[in-house]
Amino acid sequence: MQQVDIITAKERLSHENIAYLLSLKGPEKIRLFEIAASIKEQFVGNKVYFRGLIEFSNICDKNCLYCGIRHDNTHVKRYNLSDEEIYSAARYACENNYGSLVLQSGELETFGFVRRMEKLLQGIHKTTNNKLRITLSCGEQDKDTYRRWYENGANRYLLRIESSNPLLYQKLHPGDNRHNYHRRLNCLYDLQATGYQVGTGVMIGLPFQKINDLADDLLFMSRFDIDMIGMGPYLEHADTPLYASREELLPLEERFQLTLKMIAVLRIMMKDVNIAATTALQSIDKLGREKAIKIGANVIMPNITPGKYRDDYLLYQNKPCTDENAEDCKTCLEARIALTDHKIAFGEWGDSIHYQRRQ
Ligand code: 5AD
Ligand code: SF4
Ligand code: FES
(Lines give C-alpha, C1' and ligand atoms only; values in the text may rest on other atoms or scores of the structure.)
(Ligands and ions follow the chains in the order given, each with its own letter.)
Protein backbone atom coordinates (compact mmCIF):
# COMPACT_ATOMS: atom_id res chain seq x y z
CA MET A 1 0.00 0.00 0.00
CA GLN A 2 1.29 3.43 -0.89
CA GLN A 3 1.36 6.41 1.45
CA VAL A 4 -1.40 8.06 -0.62
CA ASP A 5 -3.73 5.07 0.06
CA ILE A 6 -3.08 5.25 3.79
CA ILE A 7 -3.69 8.98 4.02
CA THR A 8 -6.82 9.09 1.87
CA ALA A 9 -8.38 6.25 3.90
CA LYS A 10 -8.33 8.39 7.04
CA GLU A 11 -11.62 9.62 8.47
CA ARG A 12 -10.32 13.19 8.70
CA LEU A 13 -7.41 14.74 6.85
CA SER A 14 -5.09 17.05 8.74
CA HIS A 15 -3.60 20.20 7.27
CA GLU A 16 -0.36 18.31 6.84
CA ASN A 17 -2.09 15.41 5.05
CA ILE A 18 -3.79 17.78 2.62
CA ALA A 19 -0.59 19.68 1.87
CA TYR A 20 1.11 16.35 1.23
CA LEU A 21 -1.60 15.23 -1.21
CA LEU A 22 -1.54 18.57 -3.04
CA SER A 23 2.19 18.16 -3.60
CA LEU A 24 2.01 14.71 -5.20
CA LYS A 25 3.56 14.11 -8.60
CA GLY A 26 3.91 11.21 -11.04
CA PRO A 27 2.39 7.80 -10.20
CA GLU A 28 1.26 8.87 -6.71
CA LYS A 29 -0.69 11.76 -8.18
CA ILE A 30 -2.33 9.35 -10.63
CA ARG A 31 -3.21 7.11 -7.69
CA LEU A 32 -4.77 10.11 -5.89
CA PHE A 33 -6.94 10.72 -8.97
CA GLU A 34 -8.00 7.05 -9.06
CA ILE A 35 -9.04 7.12 -5.42
CA ALA A 36 -11.03 10.35 -5.88
CA ALA A 37 -12.72 8.89 -8.99
CA SER A 38 -13.83 5.79 -7.13
CA ILE A 39 -15.17 7.80 -4.17
CA LYS A 40 -17.09 9.96 -6.59
CA GLU A 41 -18.55 6.91 -8.34
CA GLN A 42 -19.61 5.48 -4.99
CA PHE A 43 -21.19 8.61 -3.46
CA VAL A 44 -22.56 10.67 -6.35
CA GLY A 45 -22.42 8.21 -9.27
CA ASN A 46 -21.44 8.93 -12.85
CA LYS A 47 -24.06 11.58 -13.57
CA VAL A 48 -23.15 15.08 -14.65
CA TYR A 49 -25.63 17.87 -13.94
CA PHE A 50 -26.06 20.75 -16.38
CA ARG A 51 -26.55 24.32 -15.10
CA GLY A 52 -27.37 26.77 -17.88
CA LEU A 53 -25.23 29.84 -17.21
CA ILE A 54 -26.58 33.29 -18.04
CA GLU A 55 -23.99 36.04 -17.58
CA PHE A 56 -26.73 38.63 -17.60
CA SER A 57 -24.73 41.79 -16.86
CA ASN A 58 -21.08 42.79 -16.62
CA ILE A 59 -21.82 46.01 -14.75
CA CYS A 60 -19.93 45.89 -11.47
CA ASP A 61 -19.34 48.36 -8.66
CA LYS A 62 -16.29 46.55 -7.36
CA ASN A 63 -12.63 46.54 -8.21
CA CYS A 64 -11.20 43.11 -7.42
CA LEU A 65 -7.58 43.36 -8.53
CA TYR A 66 -7.69 40.14 -10.60
CA CYS A 67 -10.92 40.58 -12.52
CA GLY A 68 -11.23 41.75 -16.13
CA ILE A 69 -14.67 43.33 -15.65
CA ARG A 70 -13.72 45.33 -12.55
CA HIS A 71 -15.39 48.73 -12.34
CA ASP A 72 -12.31 50.76 -13.26
CA ASN A 73 -11.49 48.81 -16.43
CA THR A 74 -12.63 51.36 -19.00
CA HIS A 75 -11.90 49.00 -21.92
CA VAL A 76 -14.98 46.94 -21.14
CA LYS A 77 -18.17 47.55 -23.07
CA ARG A 78 -20.84 47.29 -20.38
CA TYR A 79 -24.07 45.40 -21.08
CA ASN A 80 -27.21 44.34 -19.31
CA LEU A 81 -29.53 41.74 -20.86
CA SER A 82 -33.18 42.73 -21.19
CA ASP A 83 -35.74 40.79 -19.13
CA GLU A 84 -37.00 39.18 -22.33
CA GLU A 85 -33.49 38.03 -23.31
CA ILE A 86 -33.15 36.42 -19.88
CA TYR A 87 -36.55 34.72 -20.11
CA SER A 88 -35.72 33.41 -23.54
CA ALA A 89 -32.43 31.91 -22.27
CA ALA A 90 -34.32 30.39 -19.31
CA ARG A 91 -36.84 28.80 -21.69
CA TYR A 92 -33.95 27.40 -23.70
CA ALA A 93 -32.59 25.71 -20.56
CA CYS A 94 -36.02 24.38 -19.72
CA GLU A 95 -36.80 23.08 -23.22
CA ASN A 96 -33.45 21.34 -23.31
CA ASN A 97 -34.05 19.72 -19.90
CA TYR A 98 -31.13 21.38 -18.14
CA GLY A 99 -32.87 21.17 -14.77
CA SER A 100 -31.26 24.30 -13.47
CA LEU A 101 -30.06 27.77 -14.22
CA VAL A 102 -27.31 30.08 -12.91
CA LEU A 103 -27.79 33.84 -13.10
CA GLN A 104 -24.43 35.57 -12.78
CA SER A 105 -23.51 39.25 -12.91
CA GLY A 106 -21.16 41.87 -11.59
CA GLU A 107 -21.95 43.18 -8.14
CA LEU A 108 -24.50 45.93 -7.54
CA GLU A 109 -26.23 46.64 -4.26
CA THR A 110 -28.69 49.24 -5.47
CA PHE A 111 -32.39 49.13 -4.63
CA GLY A 112 -33.18 48.92 -8.35
CA PHE A 113 -30.99 45.84 -8.79
CA VAL A 114 -32.49 44.06 -5.79
CA ARG A 115 -35.99 44.75 -7.04
CA ARG A 116 -35.18 43.69 -10.60
CA MET A 117 -33.84 40.34 -9.39
CA GLU A 118 -37.08 39.68 -7.49
CA LYS A 119 -39.07 40.35 -10.60
CA LEU A 120 -36.79 38.20 -12.74
CA LEU A 121 -37.01 35.28 -10.33
CA GLN A 122 -40.79 35.38 -10.43
CA GLY A 123 -40.79 35.80 -14.20
CA ILE A 124 -38.41 32.89 -14.83
CA HIS A 125 -40.42 30.49 -12.66
CA LYS A 126 -43.57 31.60 -14.44
CA THR A 127 -42.23 31.27 -17.98
CA THR A 128 -40.70 27.84 -17.23
CA ASN A 129 -43.62 26.48 -15.14
CA ASN A 130 -41.44 26.12 -12.04
CA LYS A 131 -39.40 23.43 -13.72
CA LEU A 132 -35.98 24.90 -12.99
CA ARG A 133 -33.85 25.30 -9.89
CA ILE A 134 -32.35 28.79 -9.88
CA THR A 135 -28.87 29.64 -8.62
CA LEU A 136 -27.76 33.22 -8.14
CA SER A 137 -24.20 34.49 -8.34
CA CYS A 138 -24.60 38.22 -7.72
CA GLY A 139 -22.08 38.88 -5.00
CA GLU A 140 -22.30 40.37 -1.53
CA GLN A 141 -25.71 41.63 -0.45
CA ASP A 142 -27.34 42.31 2.89
CA LYS A 143 -29.22 39.57 4.68
CA ASP A 144 -32.62 41.05 3.89
CA THR A 145 -31.84 40.97 0.16
CA TYR A 146 -30.74 37.35 0.35
CA ARG A 147 -34.02 36.55 2.13
CA ARG A 148 -36.13 38.41 -0.42
CA TRP A 149 -34.48 36.61 -3.32
CA TYR A 150 -34.86 33.27 -1.54
CA GLU A 151 -38.55 33.93 -0.96
CA ASN A 152 -38.93 34.78 -4.63
CA GLY A 153 -37.60 31.43 -5.70
CA ALA A 154 -33.79 31.44 -5.68
CA ASN A 155 -32.67 28.06 -4.34
CA ARG A 156 -28.90 28.20 -4.46
CA TYR A 157 -26.23 30.88 -4.19
CA LEU A 158 -22.62 30.96 -5.31
CA LEU A 159 -20.19 33.28 -3.57
CA ARG A 160 -16.54 32.39 -3.77
CA ILE A 161 -14.37 33.20 -0.79
CA GLU A 162 -11.55 33.52 -3.40
CA SER A 163 -9.00 32.74 -0.67
CA SER A 164 -9.71 31.74 2.92
CA ASN A 165 -6.50 33.46 4.05
CA PRO A 166 -7.50 37.03 5.09
CA LEU A 167 -4.00 38.36 4.36
CA LEU A 168 -3.98 36.90 0.86
CA TYR A 169 -7.55 38.14 0.34
CA GLN A 170 -6.31 41.61 1.20
CA LYS A 171 -3.58 41.43 -1.43
CA LEU A 172 -6.15 40.53 -4.08
CA HIS A 173 -8.55 43.37 -3.33
CA PRO A 174 -8.37 47.14 -2.84
CA GLY A 175 -7.93 48.13 0.80
CA ASP A 176 -11.33 49.79 1.22
CA ASN A 177 -14.46 48.75 3.09
CA ARG A 178 -16.19 47.55 -0.07
CA HIS A 179 -13.69 44.70 -0.29
CA ASN A 180 -13.61 43.19 3.14
CA TYR A 181 -12.81 39.58 3.96
CA HIS A 182 -15.08 39.55 7.01
CA ARG A 183 -18.01 40.90 5.05
CA ARG A 184 -17.53 38.11 2.51
CA LEU A 185 -17.47 35.55 5.28
CA ASN A 186 -20.56 37.00 6.93
CA CYS A 187 -22.42 36.86 3.62
CA LEU A 188 -21.70 33.13 3.45
CA TYR A 189 -23.12 32.70 6.96
CA ASP A 190 -26.19 34.75 6.04
CA LEU A 191 -26.78 32.65 2.93
CA GLN A 192 -26.56 29.44 4.92
CA ALA A 193 -28.87 30.79 7.64
CA THR A 194 -31.41 31.87 5.00
CA GLY A 195 -31.71 28.30 3.75
CA TYR A 196 -29.85 28.37 0.45
CA GLN A 197 -27.74 25.58 -0.92
CA VAL A 198 -24.48 27.45 -0.60
CA GLY A 199 -21.59 27.31 -3.01
CA THR A 200 -18.16 28.78 -2.62
CA GLY A 201 -14.71 28.34 -4.08
CA VAL A 202 -11.25 29.74 -4.60
CA MET A 203 -8.85 30.61 -7.37
CA ILE A 204 -5.82 28.38 -7.63
CA GLY A 205 -2.31 29.47 -8.53
CA LEU A 206 -2.73 33.08 -7.44
CA PRO A 207 0.36 35.21 -6.97
CA PHE A 208 1.60 34.96 -3.34
CA GLN A 209 -0.50 31.81 -2.75
CA LYS A 210 1.22 28.83 -1.10
CA ILE A 211 0.30 25.15 -0.84
CA ASN A 212 -0.51 25.80 2.83
CA ASP A 213 -3.10 28.38 1.78
CA LEU A 214 -4.77 25.87 -0.51
CA ALA A 215 -4.80 23.24 2.24
CA ASP A 216 -6.50 25.82 4.47
CA ASP A 217 -9.01 26.57 1.71
CA LEU A 218 -10.10 22.92 1.63
CA LEU A 219 -10.36 22.80 5.43
CA PHE A 220 -12.41 26.00 5.29
CA MET A 221 -14.92 24.42 2.89
CA SER A 222 -15.19 21.33 5.02
CA ARG A 223 -15.58 23.26 8.30
CA PHE A 224 -18.14 25.55 6.69
CA ASP A 225 -20.10 22.50 5.54
CA ILE A 226 -20.43 23.92 2.06
CA ASP A 227 -22.83 22.24 -0.41
CA MET A 228 -21.32 23.17 -3.78
CA ILE A 229 -17.84 24.12 -4.88
CA GLY A 230 -16.42 25.84 -7.94
CA MET A 231 -12.65 26.16 -8.10
CA GLY A 232 -10.61 27.22 -11.08
CA PRO A 233 -7.10 28.27 -11.95
CA TYR A 234 -6.27 31.96 -11.67
CA LEU A 235 -5.69 33.36 -15.15
CA GLU A 236 -4.11 36.75 -15.59
CA HIS A 237 -5.80 39.60 -17.42
CA ALA A 238 -3.67 42.43 -18.84
CA ASP A 239 -6.13 45.19 -17.89
CA THR A 240 -5.98 44.45 -14.16
CA PRO A 241 -3.63 45.59 -11.38
CA LEU A 242 -2.71 41.99 -10.46
CA TYR A 243 -1.15 41.59 -13.90
CA ALA A 244 1.89 43.39 -12.49
CA SER A 245 2.56 40.29 -10.36
CA ARG A 246 2.58 37.86 -13.27
CA GLU A 247 6.26 37.03 -12.74
CA GLU A 248 5.25 35.37 -9.46
CA LEU A 249 2.92 32.89 -11.13
CA LEU A 250 3.31 29.15 -11.55
CA PRO A 251 3.40 27.98 -15.17
CA LEU A 252 -0.10 27.37 -16.56
CA GLU A 253 0.28 23.59 -16.63
CA GLU A 254 1.17 23.58 -12.92
CA ARG A 255 -1.83 25.74 -12.05
CA PHE A 256 -3.92 23.27 -14.00
CA GLN A 257 -2.53 20.20 -12.24
CA LEU A 258 -2.91 21.88 -8.88
CA THR A 259 -6.57 22.58 -9.64
CA LEU A 260 -7.17 18.92 -10.50
CA LYS A 261 -5.50 17.88 -7.24
CA MET A 262 -7.66 20.36 -5.28
CA ILE A 263 -10.78 18.82 -6.84
CA ALA A 264 -9.60 15.28 -6.11
CA VAL A 265 -8.70 15.99 -2.47
CA LEU A 266 -11.96 17.87 -1.92
CA ARG A 267 -13.93 14.91 -3.29
CA ILE A 268 -12.12 12.67 -0.83
CA MET A 269 -12.84 15.05 2.07
CA MET A 270 -16.44 15.95 1.14
CA LYS A 271 -17.83 12.90 -0.58
CA ASP A 272 -21.40 14.03 -1.32
CA VAL A 273 -21.00 17.68 -2.39
CA ASN A 274 -21.51 19.03 -5.90
CA ILE A 275 -18.26 20.09 -7.53
CA ALA A 276 -18.16 22.07 -10.77
CA ALA A 277 -15.77 21.46 -13.63
CA THR A 278 -15.11 25.16 -14.22
CA THR A 279 -14.69 26.85 -17.58
CA ALA A 280 -11.33 28.34 -16.55
CA LEU A 281 -9.86 24.81 -16.60
CA GLN A 282 -10.57 24.66 -20.29
CA SER A 283 -8.62 27.84 -21.00
CA ILE A 284 -5.46 25.97 -20.08
CA ASP A 285 -6.21 22.48 -21.37
CA LYS A 286 -8.63 21.72 -24.22
CA LEU A 287 -9.84 18.69 -22.27
CA GLY A 288 -9.69 20.47 -18.90
CA ARG A 289 -13.32 20.08 -17.92
CA GLU A 290 -13.46 16.42 -18.95
CA LYS A 291 -10.39 15.71 -16.85
CA ALA A 292 -12.05 17.36 -13.85
CA ILE A 293 -15.20 15.28 -14.33
CA LYS A 294 -13.20 12.09 -14.42
CA ILE A 295 -11.47 12.75 -11.11
CA GLY A 296 -14.22 14.24 -8.97
CA ALA A 297 -16.39 16.98 -10.47
CA ASN A 298 -20.08 16.29 -11.22
CA VAL A 299 -21.47 19.62 -12.43
CA ILE A 300 -20.90 21.56 -15.63
CA MET A 301 -22.25 24.95 -16.65
CA PRO A 302 -23.04 25.23 -20.36
CA ASN A 303 -23.04 28.89 -21.28
CA ILE A 304 -26.47 30.02 -22.52
CA THR A 305 -25.74 33.76 -22.62
CA PRO A 306 -26.69 35.15 -26.06
CA GLY A 307 -23.53 34.96 -28.21
CA LYS A 308 -23.23 38.69 -28.91
CA TYR A 309 -22.51 39.56 -25.26
CA ARG A 310 -19.94 36.88 -24.52
CA ASP A 311 -16.88 38.87 -25.58
CA ASP A 312 -17.71 41.42 -22.91
CA TYR A 313 -17.74 39.03 -19.95
CA LEU A 314 -14.02 38.37 -19.88
CA LEU A 315 -13.08 37.84 -16.24
CA TYR A 316 -9.77 36.48 -17.57
CA GLN A 317 -8.10 36.24 -20.96
CA ASN A 318 -8.59 33.33 -23.39
CA LYS A 319 -12.00 32.50 -21.97
CA PRO A 320 -13.52 29.67 -24.02
CA CYS A 321 -16.93 29.70 -25.75
CA THR A 322 -16.97 33.42 -26.57
CA ASP A 323 -17.58 32.81 -30.29
CA GLU A 324 -20.27 30.23 -29.60
CA ASN A 325 -23.98 30.27 -28.81
CA ALA A 326 -26.14 28.15 -26.50
CA GLU A 327 -26.65 25.41 -29.07
CA ASP A 328 -22.90 25.16 -29.84
CA CYS A 329 -22.05 24.72 -26.17
CA LYS A 330 -24.76 22.11 -25.74
CA THR A 331 -23.57 19.98 -28.66
CA CYS A 332 -19.96 20.46 -27.61
CA LEU A 333 -20.53 19.40 -24.01
CA GLU A 334 -22.67 16.42 -24.98
CA ALA A 335 -19.81 15.14 -27.11
CA ARG A 336 -17.24 15.86 -24.41
CA ILE A 337 -19.18 14.11 -21.67
CA ALA A 338 -19.83 11.10 -23.87
CA LEU A 339 -16.04 10.68 -23.95
CA THR A 340 -15.83 10.48 -20.15
CA ASP A 341 -18.14 7.48 -19.59
CA HIS A 342 -20.53 9.74 -17.72
CA LYS A 343 -24.21 10.48 -18.31
CA ILE A 344 -25.79 13.91 -18.46
CA ALA A 345 -28.65 13.99 -15.95
CA PHE A 346 -31.19 15.67 -18.22
CA GLY A 347 -34.39 16.77 -16.51
CA GLU A 348 -33.00 16.45 -12.97
CA TRP A 349 -32.44 19.29 -10.52
CA GLY A 350 -29.31 17.70 -9.14
CA ASP A 351 -29.56 19.22 -5.67
CA SER A 352 -26.45 18.69 -3.60
CA ILE A 353 -26.82 15.44 -1.65
CA HIS A 354 -24.78 17.11 1.06
CA TYR A 355 -27.41 19.84 1.40
CA GLN A 356 -30.22 17.31 1.66
CA ARG A 357 -28.35 15.52 4.41
CA ARG A 358 -27.55 18.81 6.18
CA GLN A 359 -31.26 19.82 6.32
N1 5AD B 1 -8.94 34.26 -13.19
C2 5AD B 1 -9.73 33.25 -12.74
N3 5AD B 1 -10.92 33.42 -12.14
C4 5AD B 1 -11.35 34.68 -12.01
N5 5AD B 1 -12.47 35.17 -11.44
C6 5AD B 1 -12.45 36.50 -11.55
N7 5AD B 1 -11.33 36.91 -12.16
C8 5AD B 1 -10.61 35.78 -12.45
C9 5AD B 1 -9.35 35.54 -13.06
N10 5AD B 1 -8.58 36.53 -13.50
C11 5AD B 1 -13.46 34.32 -10.77
C12 5AD B 1 -13.59 34.74 -9.29
C13 5AD B 1 -15.04 35.13 -9.17
C14 5AD B 1 -15.69 34.39 -10.31
C15 5AD B 1 -16.98 34.94 -10.76
O16 5AD B 1 -14.72 34.47 -11.34
O17 5AD B 1 -13.32 33.61 -8.47
O18 5AD B 1 -15.62 34.78 -7.93
FE1 SF4 C 1 -16.97 42.52 -9.82
FE2 SF4 C 1 -17.04 39.88 -9.27
FE3 SF4 C 1 -15.19 40.89 -10.95
FE4 SF4 C 1 -15.02 41.40 -8.30
S5 SF4 C 1 -14.85 39.36 -9.31
S6 SF4 C 1 -14.76 42.93 -9.96
S7 SF4 C 1 -17.20 41.59 -7.76
S8 SF4 C 1 -17.41 40.85 -11.28
FE1 FES D 1 -18.94 26.14 -25.24
FE2 FES D 1 -17.52 23.85 -25.97
S3 FES D 1 -18.64 24.27 -24.15
S4 FES D 1 -18.06 25.63 -27.17
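The following dialogue concerns two ligand sites and one helix pair in a predicted model.

Mentor: In this predicted model, local features need pLDDT of at least 70, side-chain atom pairs count only at pLDDT 80 or more, and totals for chains, interfaces and linings use all residues. Residues are numbered from 1 along each chain, chains are lettered from A and ligands numbered from 1 in the order written, and side-chain values use heavy atoms, without hydrogens and water.

Trainee: What makes Tyr66 one of the residues around ligand 1?

Mentor: A residue counts as near if one of its heavy atoms lies within 4 Å of the molecule. A nitrogen atom of ligand 1 is 3.0 Å from a polar backbone atom of Tyr66, so Tyr66 meets that definition.

Trainee: Why is the approach of ligand 1 to Leu235 called a polar contact?

Mentor: A polar contact is a pair of N or O atoms within 3.5 Å. A nitrogen atom of ligand 1 lies 2.7 Å from a polar backbone atom of Leu235, so the pair qualifies.

Trainee: Which residues surround ligand 2?

Mentor: Among them are Cys60, Lys62, Tyr66 and Glu107.

Trainee: How are helices α6 and α8 arranged?

Mentor: Their axes (lines fitted to C-alpha atoms over the stretch in contact, with angles from 0 to 180 degrees between N-to-C directions) come within 10 Å and cross at roughly 35°. Helices here are DSSP runs (H or I, at least four residues), numbered from the N terminus. The contact (heavy atoms within 4.5 Å) includes Tyr146 of α6 and Leu191 of α8.

Trainee: Why is the crossing called right-handed?

Mentor: A crossing is right-handed if the near helix is turned clockwise from the far one by less than a right angle; α6 passes α8 in this way.

Note on methods. Polar contact = N/O pair within 3.5 Å; in protein donor to acceptor, adjacent residues only side chain to side chain. Helix = DSSP H or I, 4+ residues; strand = E, 2+ residues; numbered from the N terminus.
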